[in-house]
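Trainee: I'm new to this one and would like to get to know it through a single part. Could you pick a helix, take me through it slowly, and then show me what else is worth a look?

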Amino acid sequence: MTPRPRKPSDEAAAPTPPATPAASAGKSTASGKSPKAAKPAKSTKSAKPAKKAAAKAPAKGGRGTAAPRTAPAPVTEPSAAEPPAPDPAGTESPVSEGDRIRLLSGTHHDPHSVLGAHSVPGGTAFRALRPYAKAVAVVADGLRAELRDDGDGFFSAVLPLRAVPEDYRLRVTYEEAELEIHDAYSFLPSLGELDLHLIGEGRHERLWEALGARLMTHRGATGTRFTVWAPNAQGVRIVGGFNFWDGTAFPMRSLGGSGVWELFVPSVGEGELYKFEITRPDGSTTQRADPLARHTEAPPANSSVVHESRHEWHDEEWLARRADVPVHEAPFSVYEVHLASWRPGLTYRQLAEQLPAYVADLGFTHVELMPVAEHPFGGSWGYQVTGFYAPTARLGTPDDFKFLVDALHRAGIGVLMDWVPAHFPRDDWALAEFDGRPLYEHEDPARSAHPDWGTLEFDYGRKEVRNFLVANASYWCEEFHIDGLRVDAVASMLYLDYSREDGEWTPNAHGGRENLDAVSFLQEMNATVYRRSPGVVTIAEESTAWDGVTRATHHQGPGGFGGLGFGLKWNMGWMHDSLDYVAKEPVHRKYHHNEMTFSMVYAYSENYVLPISHDEVVHGKRSLVSKMPGDWWQQRANQRAYLGFMWAHPGKQLLFMGQEFAQGAEWSEGHGPDWWLLDPAYGAEPDHRGVRDLVRELNTVYRREGALWQRDTDPGGFAWVDGDAAEDNVFAFLRYPTEDAASAAGSDGRPLLAVSHFSPVVRHGYRLGVPDGFTEWQEILNTDEARYGGGDVTNPDPLKPEPVASHGRPASLRLTLPPLATVWLRPV
């Protein structure tokens, strides 16, 4: 639900909005909401709308859960011992003409030096900027003194006070309403020197605690601190529902040379809508969403929302054991999900009731969520992010998303999420030329424009931008307990000539094509995440032969670069080659046999994930089962055989939703998987259920057999039995567990034999060499079993090795190979 704008009785600001066209335009673009709430008074600066709103408003400082406001201090007459309040008409301290112009035009860098209370000769000067007010008075320690109306919303007076009161309020009178409020300009900066130093160094690892909107109590007053990095701005003001999107009375101060602007606004509470109104170097203004907003309106509205988390985590046991075994030595099978379309219409909390149970039943160890950070266009699937620190509001609040992660952890399922630091869209309310000049993007248009997606690339050489992204990676891991980040489009970051022709890019300082700034950024990001969040894994979607994607950052490779520091890398080569092979008619596959074996040439150059992702089942590429040749039976048999090959191949597994039950249609974010295929009333339901049952069994046996995952990155864990049987379309190999089997979970020291047969014929008495020393081998998985929809050609009895040499081994088995099937066997 979209949070409502604050009402005038919530103490924050003038109850009457500006009557200028510019202010009205700012309001309407800021929230996407109806301008009704900001309708100006008819002929004067009347507060009639405010009176009605005030009568209905609850007596609290903000929306929903904001702290209750303090009752207004009573106005009392001075005691006989106290001097009477002076007549402000004779004791003035007006705002100078220069300050007046800068404040009204939104270009003042230090409004606190003018507004608020200041010691002056003769007492204390009070100055306030309250447009549309009829009168303003200072209330402190039982004293009430009226300020002089200096015009244009300015009020001032000098009161004969020896010192500035530690606590005073402004009583602001409108035509039909009166408010008593803390003066925002009576507060010292609420951001510390250490924070500013770290921001200036680009090393603030918890940047989200320093920038953005943060609820806090400051010098006894409850409110929200707003901070934003905008070094090129002439001035910055806060606009929001609490001031009817008119920031005239809410200018922020610049905190030295940091480029950070700050303002603590008392009484602004949780749920408030807001934006930053920035005066650009050319004098024009723009309203921008908060780059570090932790909550946003649901698109197409785009205002930021003040948020404070109240979620209580219950995943302590999961986090405590998450780092026990390195990911590359643990079972790791991933179910990729687009949350908005998995079950269309479900919220985060409703998904928490269904998704963990479904994934746990299928035996996957992890889910990978396509980007959940806020994005304006659903058709981008989340890969064009505008709110890097906010889970999309389409499905609920940030705490609702935490509830989902918590539920998955309590079901024993890890949570990965796609993270997109490669680019961002050009929306004029987001990051593009944020303060009037290139800021988050590179200042060179040729470097900033992404040639493929019409977006902008980050300037990885700017320390504040790197800080924004590095802290963002840690933010998701620390605040949302995310177990891993799959980093999107790494290749586009690494190369200056990515999708660019000669003459469209400039070589680096060494004359090369590598983006040295991006390399350094990725190394810093990985090092920081692994240091701060033990047990978390980072995964690169990197489609080139870059050396050392998963090598440690401090280990230099032959190319002269240190490793990028990722934990895992998507094996895009295996994906393309293997899908190309299985899409061929069986009669042609012998000519493409090497496409299935070539992956073993480089299988141990990186720590790999084998992905069948969303990218392979959209935009005319067809679903996985639809890629397969033959009739419906052969298509399903091919898919089952392929999945058996994939789960046995060295590397981790990833399967996109819908492919687990052989969905025939391409995925669409508009309607998601075709769950009706699993309806028992549907005639072909057993065909789809059979494939899903196989996926469950693959995961079950996979997790039980340490040979399939313990040595995924160790060449000693794999051996070909026959990789050259092109005429038969057969691939046979052994997987070995760790040598120290006694101490290895999921292993008893026995190898596993995997045989994939991609011909539509039965082969009887097929001889394969096996290791010596085992008396019997038992079939433990066969994708042709009837329960999976196959022809039930199996090897039901234990197979005894014969002392016949084959494939370089002294003993061999004679087994039956089902058509279009994968068989796993292990010694009894």
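Mentor: Let's start with helix α7, which bends by about 30° at Q354, with a proline, P356, following within four residues. Keep in mind as we go that this is a predicted model.

How far should a helix like that reach? At 1.5 Å a residue, the 15 residues of α7, numbered 348-362, should span 21 Å, and the end C-alpha atoms are indeed 21 Å apart, so the two values agree.

Now look at which side chains are tucked away. In α7 the buried residues are Y348, L351, A352, L355, P356, Y358, V359 and L362. Here's a handy rule for reading such a list: an α-helix has 3.6 residues a turn, so residues three or four places apart point the same way. Notice that P356, the proline that follows the bend, is itself on the buried list.

What do those buried residues pack against? Their partners are the strands β17 (333-337), β18 (366-369) and β20 (387-391), along with the helices α6 (339-342), α8 (398-410) and α19 (685-704). Just past the end of α7 comes G363, with a positive phi of about 85°.

For a second helix to set beside it, try α12, residues 516-532. Its 17 residues should span 24 Å at 1.5 Å a residue, and the end C-alpha atoms are 24 Å apart, so this one agrees too. The buried residues here are A518, V519, F521, L522, Q523, E524, M525, N526, T528 and V529. They pack against β21 (414-419), α10, β22 (484-487), α11 (490-494) and β23 (537-540).

That mention of α10 brings us to the salt bridges. A search of the whole structure turns up 47 of them. A good one to find is R206 with E478, at 2.5 Å from N to O. This pair ties together distant parts of the chain: R206 lies in the loop between α4 (193-201) and β9 (212-218), while E478 belongs to helix α10 (residues 463-479), 272 residues apart. R206 also forms a salt bridge with E209, where the closest N and O atoms are 2.6 Å apart. R206 is partly exposed, with a relative accessible area of 24%, and E209 is partly exposed as well, at 30%. Zoom out a little and you'll see a network of salt bridges linking E205, R206, E209, E478, E479, R531 and R532.

For another pair, go to R704 and E705, whose side chains meet in a salt bridge at 3.6 Å, N to O. R704 is partly exposed, with a relative accessible area of 45%, whereas E705 counts as buried at 3%.

Last stop, a sheet. It's an open one of 4 strands in the order β4-β3-β7-β8, with antiparallel pairing. Strands β4 (143-146) and β8 (178-182) stand at the edges with a single partner strand each, so one side of each is left without a neighbour in the sheet. From one strand to the next, the twist averages 25°. If you want a spot to zoom in on, β3 (residues 135-140) is joined to the antiparallel β4 by 4 bridges, and A140 stands opposite L143 in β4.

Terms used:
Residues numbered from 1 in each chain as written. Predicted model: local features only at pLDDT ≥ 70, side-chain atom pairs only at ≥ 80, totals over all residues. Heavy atoms only, no water. Pairing = 2+ DSSP bridges. Helix = DSSP H or I, 4+ residues; strand = E, 2+ residues; numbered from the N terminus. Axes fitted to C-alpha atoms, helices over the stretch in contact; angles between N-to-C directions. Expected span 1.5 Å × (residues − 1). Bend = angle between axes of the 7 residues up to and from the residue. Buried < 20%, exposed > 50% of the residue type's maximum accessible area, 1.4 Å probe, protein only. Contact = heavy atoms within 4.5 Å. Salt bridge = Lys/Arg side-chain N within 4 Å of Asp/Glu carboxyl O.
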